[in-house]
Amino acid sequence: MTETVLRTGAEKRRFTLDMRALSPFVALIALVIAGALINPDFLTASNLLNVVTRSAFIAIIAVGATFVIAGGGLDLSVGSMAALTAGVMILTLNNLGGGDMGTLALGMLAAIALSAACGLANGLVVTFGRIEPFIVTLGTMGIFRSLVIWLAAGGTITMRNFELRELYRPVYFGSVFGIPVPIIAFLVVAAIGALILYRTSFGRHVVALGSNEDVARYSGVPIWRVRTLTYIIQGICVGIAVLVYVPRLGSATPTTGLLWELQAITAVVIGGTALKGGIGRIWGTVVGAVILELVANIMVLSNFVSEFLVGAVQGAIIIVAMLLQRSVHRGR
Amino acid sequence: MKATVLKIAMAAGLMAGVATGAMAQQKNVTIGVSIPAATHGWTGGVVYHAQETAKQLEKGYPGLKVIVKTSPDGAAQANALDDLTSQKIDALVVLPFNSDELTNPVREVKRRGTFITVVDRGLKDPSIQDIYVAGNNPEFGRVAGKYFVDNLKQGNVVVFRGIPTVIDEERVTNFEKALEGSGVKVIDKQYANWNRDDAFKVMQDFLSKHPKIDAVWASDDDMALGVMEAIRQAKREDIKFVLGGAGMKDMIKKVMDGDKMIPANVSYPPSMISTAMGVTAAHFYTNAPMRGTYTLNAQLITKDNAKEHYFPNSPF
């Protein structure tokens, strides 16, 4: 008797969870149909590839944010961190001066090292300082942003070596078998992220930590280490996003990455990860990032939305898309 | 009475010898300069030019002291004004963050008898200022519009707007007014927040949406750079030129070098802070009347005059 009840309960839950995991895709399909109705140019391969390519930065950063948020944390500093990392990377490349692969590799290494260090700093202050992550990362957000403004003296940090710029350019604009490199990059990052979150004990620890910290502690989850690691993963993801971002315009300005933290968090939530922690959905997050970029694209392609109202319509579309998702898994 | 004092002073000077004579002629004036911190390219240029001009003026006018203070936001600027007043300044040159927040703090400084010069963004109460130096936003749009009418004559143009502000509104409405009656047509407008990345995205979308675009009014150099990259990626040949604005050094260099896609620029110089500081210093050291409003022209920068607008050492 009890067994039967338990079994049906579990089955029921699994079914609901599957619908939840699928619902971001439903919203995505609805948006694509809406876009096609609004402007036939929307469905051209070049437009769709542009949009998905553009969403790469936010998607990669949001994969990291999925770990942090699933673990019950929050990182507001990612936009500033991206700007700082991009600035330092370009300065490193300029100082090395060469136009060869070796220079580029060193610059990339510097970027990843710096962003991982920034993530480590966030993680250590959150865990050992026992301060709300909201406050810690709000503080580092200001610090990273000011540092990049200081490095740029308020102006622009630009890649000076023309050869290097041309060598690096294909990382954003190039494609392999017709698929733009940034798309490949974010699919790989998401696949690795999914592997870590769903198939390793660390991943399960993150989710356990996010759903109930006390229970996780009593179950022997190394709280400090797991939490700090989520911030380091976030940092590394920011670094990877920067590697794809820098070749696009070859420069970093004080406005680089402005509000990216908000977009990343929105992508994570659209994707079905709970903002209070305990549930993490990597593929949903990636779809969330694409949805955000699609909405902006549809706005520009439409002919009937005045440029003054773009923000309002964008906000409304995101809310409607979320309501649609909700009704899908409620109605089953 | 005044004449007597002068005579006595002169006599004293003569008696005391050459050294004291020089001292009596020297006039000690302190000018405080309060500007926004470098948060984007243009304000970065303002900071650079303010610091350069401070050095030049101190060299040119003996006894002059110039204190430059930068502030990250409106409230911090109000505090900076207090700090400057406590250093006994004779004149204040201020580029206010915004009109609402800073009108009263500047009025307080004025009450102490300080000479006030306001730059670029005006105060709510213009009676506070002794001198007002400003760029010309309507003219900025008009000059750009006229360039399209003269050089494109006919065709489709897409327009990039900045951040929704009065500045942006004045520029765009006057741009469109200048196009009236010509063959140049604005087929699309969109905000891109004076930001490269946003301009890149919007331009990608414009290129998908419109099969034929003849020219782009990016209205700002940062946005123009994003636009150029999107055009290059799409390999579109229909766009004849991109017109930016504000005179960023990279873009002025392109105009100087005769880049076909960037044939011109429209100035909105951050060095207007230098104009303001120069006029203020001259008020104390010359007998020429200086009080009044100075509106700087939005100049069309082409290959011929690009050199005057090129500052390779400025961050902007």
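The paragraphs below lead through one sheet of chain B and then turn to the confidence of the model.

The structure is a predicted model, and for the complex the predictor gives an ipTM of 0.73 and a pTM of 0.77. A good place to begin is chain B, where four strands form an open sheet in the order S7-S6-S8-S9, with parallel pairing. Strand S7 (183–191) and strand S9 (241–243) of chain B stand at the edges of this sheet, and because each has a single partner strand, one side of each is left without a neighbour in the sheet. From one strand to the next, the twist averages 20°.

Within the sheet, strand S6 (residues 154–161) of chain B pairs with strand S8 (residues 215–217) of chain B in the parallel sense, and three bridges join them. To follow this pairing at the level of residues, start from Val159(B), whose bridge partner in S8(B) is Trp217(B). Helix H9 (residues 221–234) of chain B packs on the sheet, where it touches S6, S8 and S9 of chain B, and the direction of the helix makes about 160° with that of S9(B).

How far the picture can be trusted varies along the chain. The mean pLDDT of chain B is 84, and 91% of its residues reach 70 or more. Among the elements of chain B, S8(B) has the highest mean pLDDT (95), whereas helix H2 (residues 18–25) of chain B has the lowest (42). Over residues 1–24 of chain B the pLDDT is below 50, and this stretch has four contacts in the model beyond near neighbours in sequence. Where pLDDT is low, the predicted coordinates should not be read in detail.

Note on methods:
Residues numbered from 1 in each chain as written. Chains lettered and ligands numbered in written order. Predicted model: local features only at pLDDT ≥ 70, side-chain atom pairs only at ≥ 80, totals over all residues. Pairing = 2+ DSSP bridges. Helix = DSSP H or I, 4+ residues; strand = E, 2+ residues; numbered from the N terminus. Axes fitted to C-alpha atoms, helices over the stretch in contact; angles between N-to-C directions. Contact = placed C-beta atoms within 7 Å. pLDDT = per-residue confidence, 0-100.
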